[in-house]
Amino acid sequence: MANMVMFIILAAVILGSALVCITTKRIMRAATFLLFVLLGVAGLYFLLDYTFLGAAQISVYAGGITMIYIFAIQLVSKRTLQGMVERLKGSRVAFGALMTLVGLVTVVAVFFKNKFIDMSMQMTDAEVPMNVIGKTLMGSEKYQYVLPFEFISVFLLACIIGGIVISRKE
């Protein structure tokens with residue numbers, strides 16, 4: 001019961017922060033609420049006892065990516081950001097609602113087609129040995145993760161170089 005209450009609280013924080021993030025007119029507030037969304041997702045990982053994923057979510061996304069966003073926002077001159085107001089058009093709102101509905105239908109169809117809900121009820125709480133986790137994280141074969149980690153590190157390096165190039169005024 002406590003897990004359900006905690007899940008409801010985290011879901012409310014994530015949904016509320018996401019809504020404020022996309023509806024606010026101030027860019028720093030949007031970045032701050034994005035941080036709350038990412039921390040809420042880390043809370044969900046911790047709730048599921050995925051401590052590694054929760055720690056990675058906090059360090060990589062909530063810590064690193066959000067700080068890169070804030071750093072990039074601070075690098076852009078205030079004159080550029082002043083007066084930037086986007087008006088909501090009815091056609092854009094309708095298109096966004098339609099795409100949201102299409103995405104929801106797609107997710108529900110994938111869940112029912114692959115029987116994820118039935119599989120989650122049948123899973124046991126067997127603990128995975130640490131050497132299996134290590135081999136999976138550092139392996140380069142199918143369903144192993146060294147290549148995605150390397151891709152993310154090159155991507156973050158490109159973001160840092162892009163931030164340096166933007167900050168230099170020639």
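# Exercises on an all-helix model

The structure holds zero disulfides, a disulfide being a pair of cysteine sulfur atoms within 2.5 Å. This is a predicted model, in which local features need pLDDT of at least 70, side-chain atom pairs count only at pLDDT 80 or more, and totals for chains, interfaces and linings use all residues. Residues are numbered from 1 along each chain as its sequence is written, and side-chain values use heavy atoms, with hydrogens and water left out.

**Exercise 1.** Work out how many helices and strands the protein has.

Solution. Start with the rule. Helices (H or I, at least four residues) and strands (E, at least two) are DSSP runs, numbered from the N terminus. Now count. The protein has eight helices and zero strands. Along the sequence, the pattern reads α-α-α-α-α-α-α-α.

**Exercise 2.** Classify Cys21 and Cys159 by relative accessible area.

Solution. Take the cut-offs. Buried means under 20% relative accessible area, exposed over 50%, and partly exposed in between (1.4 Å probe, protein chains only). Cys21 has 19%, so Cys21 is buried. Cys159 has 28%, so Cys159 is partly exposed. For the whole protein of 170 residues, 12% count as buried.

**Exercise 3.** Compare the span of helix 5 with the expected span.

Solution. The expected span is 1.5 Å times one less than the number of residues. Helix 5 covers residues 90–114, which is 25 residues. That gives an expected 36 Å. The end C-alpha atoms are 36 Å apart, so the two values agree. Next comes Lys115, which follows helix 5 and has a positive phi near 55 degrees.

**Exercise 4.** Describe helix 3: its span, its kink and its buried residues.

Solution. First, the span. Helix 3 (residues 51–75) has 25 residues and reaches 34 Å from first C-alpha to last, close to the expected 36 Å. Second, the kink. A bend at a residue is the angle between axes fitted to the seven residues ending there and the seven starting there. In helix 3 a kink of about 25 degrees is centred on Gln57. Third, burial. Gln57 is itself one of the buried residues of helix 3, along with Gly54, Ala62, Ile65, Thr66 and Ile73. Ile73 has a relative accessible area of 14%, so Ile73 is buried. The C-alpha atoms of Ile73 and Met28 are 7.5 Å apart, although 45 residues separate them along the chain.

**Exercise 5.** Locate Asp49 and Gly40, and decide whether each is buried or exposed.

Solution. Asp49 sits in the loop between helix 2 (27–47) and helix 3. Its relative accessible area is 63%, so Asp49 is exposed. Asp49 is not a glycine, yet has a positive phi of about 65 degrees. Gly40 lies in helix 2. At 4% relative accessibility, Gly40 is buried. The C-alpha atoms of Gly40 and Ala12, 28 residues apart along the chain, are 9.2 Å from each other.

**Exercise 6.** Place Met1 in the chain and decide whether Met1 is buried or exposed.

Solution. Met1 lies in the segment before helix 1 (2–23). Relative accessibility is 81%, so Met1 is exposed.
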